[in-house]
Amino acid sequence: MSYQVLARKWRPRVFADVIGQEHALRALRNALKRERLHHAYLFTGTRGVGKTTLARIVAKCLCCAQGRVEEPCGECTACKDIDAGRYPDLIEVDAASRAKVEETRELMQNVPYAPTAGSCKVYLIDEVHMFSGHSFNALLKTLEEPPEHVQFLFATTEPQRLPVTILSRCLQLHLRRLGVEHITKRLEHITRQEQVEADPAALELLAKAADGSLRDALSLLDRAISDGDGRLSQDQVHTMLGTVESGALEKLLTAIKQRDGQALLRQMEEVALQTPDYKALLAEILQLLQRTALVQATGGKPTAEWERAQHWSKQLNPEDVQVLYEIALHARRDLDYAPDPRTGFEMCLIRMLDFYPAHQAPKAGTETPLPEATPPRAAPGQVQAREQQHQTKEQHQPPVQAPKQQPPGQETNDNLAQWWKKLVPNLGIGGLANQTARHCFPIYRNETGLTLGLDPQHASLISGDAHDNKVWKELETAVSKHMGRKYKLTLKQETIEGETAAEQHKRQQREKREEAEKLLQNDKCVQDIKELFDARLDSNSIEPTPTTGP
């Protein structure tokens, strides 16, 4: 007799063998018990979580010789034939291979006929999302009004690809991804029954690699048994999966934390000798950092799986964990663009080393809390010297005289220009009226009015007669409202000699940008980045904090 793979040999035959899907089992058992079974069930979920397996168990419950039962007997002819795949009233269809509308119509033509062996005819359609639009249309009418002796069971990994008309006629049961604990316990049970010696740590590695799929875990277990010649060890499974032992990750993070480049280089060489899957290795680093951040924020979970995270939560500051996580996340995303996976992985570690802060402050509340920052105290002699220097400076400064008050109409040009530049931002206007005010300059004002000049190059802002212009009237209304009385504005087109509010704002922004660029050029971090990556500073991308312009 040929060898039967573990995924088929240990496929659940009854509800009691199904693990991790208690919510779906409870719904199905109650429906069978109360005889309230829906005519069409849709089982959804990722690969290997038991969609088709549950559908077959439901079919056995419906076709069992004992009648409709909550748990199939597994001993009658119907149960055995369903397990063997030869029961005539269980029609299994792979939608990926029968997606044509003609095949679907042919399938639906046999629906009205009564079952041949049992009391129920079950249609199990796997990967139903692969049906074409016409196939769904052919299925729709039968699915809406099926005969009493017909039961539809659908399974799919992509329910979002099903038409809404199909989804609304099905009762959907979503099967969850299995946790590492569930898969590990199942693997321990199977290895005991198969009389295979296995380390618990090795089984846990297989459970993690399965990524929530029990079928994938059993396939990996089959391969591990073959590689280990009937015995599973942690090192052997590490080699098979292309992963590295947890101690290697500890050494990498320790070298980064201590900013020890030589130690990091040695550890990278040791990791490379194990020929790991670098994408999986980055995923493991991300998982460790995520759990560390979760422990720091919430306290974590008191399980063995979180022990490393609890350790690193005391070694790294929360903000450093976030920086390292972001670097690893971007590196894993860009790993395909690197010359080779090893180069991309090592570049990620170098970034972590370069961007890790030079200080190694302990986490607050774990060891010694950091003292609050206080300004340095000067010695008594220094205080006295500073006071004498301040008094000497005050003696040499001329006394400040109050500005002379000038009546309106006799202001100097500078005073009038400054008054206008301060007034414009407070007028509460926008659009073209604001642009006009910013490019005007004051010539003369008195108690009842103000004369404004506009450079001929900006004459297009005011078209036609200014006094009949809508924009000019809006500006005049805003000035009058601000002054608290009727204020007449007169326009003259003259060449300006000074600086308008708009030109002043541009000059201030230009000076701020130049100052920001100078600060960046002298910044130590920017200089290190330029030297490390052979980078240059793009002056056009520098945007200083904008100020409210007039």
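Helix α21 (residues 470-483) lies across β8, β9 and β10, and its direction makes about 135° with that of β10. This arrangement belongs to a predicted model, and the report describes two sheets and one helix pair within that model.

**The three-stranded sheet**

The strands crossed by α21 form an open sheet in the order β8-β9-β10, with mixed pairing. β8 (440-445) and β10 (488-493) each have a single partner strand and stand at the edges, so one side of each is left without a neighbour in the sheet. From one strand to the next, the twist averages 30°. Strand β9 (residues 449-454) is joined to β10 in the parallel sense over six bridges. Within this pairing, Leu452 has Leu491 of β10 as its bridge partner. Helix α20 (residues 431-439) also packs on the sheet, where it touches β8 and β9. The direction of α20 makes about 65° with that of β8.

**The five-stranded sheet**

A further open sheet consists of five strands in the order β2-β3-β4-β1-β5, and its pairing is parallel. Here the edges are taken by β2 (90-94) and β5 (171-174), each with a single partner strand, so one side of each is left without a neighbour in the sheet. On average, neighbouring strands of this sheet are turned by 15° against each other, direction ignored. Strand β3 (residues 121-126) pairs with strand β4 (residues 150-156) in the parallel sense over six bridges. One bridge links Val122 to Gln151 in β4. Helix α6 (residues 133-144) packs on the sheet and touches β1 (40-44) and β4. Its direction makes about 135° with that of β4.

The helix directions relative to the strands are collected below.

| Helix | Strand | Angle |
|---|---|---|
| α20 (residues 431-439) | β8 | about 65° |
| α21 (residues 470-483) | β10 | about 135° |
| α6 (residues 133-144) | β4 | about 135° |

**The helix pair α3 and α4**

Helix α3 (residues 51-63) packs against helix α4 (residues 77-84) at an angle of about 155°, with the axes 9 Å apart. Since angles over 145 degrees count as roughly antiparallel, α3 and α4 are therefore roughly antiparallel to each other. The crossing of α3 past α4 is right-handed. On the α3 side, the contact is made by Arg56, Ala59, Lys60 and Cys63, and on the α4 side by Ala78, Cys79, Ile82 and Asp83. Among the residues of this contact of α3 with α4, five are nonpolar, three are charged and none is polar.

Notes. Residues are numbered from 1 along each chain as its sequence is written. This is a predicted model: local features need pLDDT of at least 70, side-chain atom pairs count only at pLDDT 80 or more; totals for chains, interfaces and linings use all residues. Side-chain values use heavy atoms; hydrogens and water are left out. Axes are lines fitted to C-alpha atoms, for helices over the stretch in contact, and angles run from 0 to 180 degrees between N-to-C directions. Helices (H or I, at least four residues) and strands (E, at least two) are DSSP runs, numbered from the N terminus. Angles under 35 degrees count as roughly parallel, over 145 as roughly antiparallel, 65 to 115 as roughly perpendicular and the rest as oblique. A crossing is left-handed if the near helix is turned anticlockwise from the far one by less than a right angle, and right-handed if clockwise. Contact means heavy atoms within 4.5 Å. Ala, Val, Leu, Ile, Met, Phe, Trp, Tyr, Cys and Pro count as nonpolar, Asp, Glu, Lys and Arg as charged, and the others, Gly among them, as polar. Two strands pair if DSSP finds at least two bridges between them.
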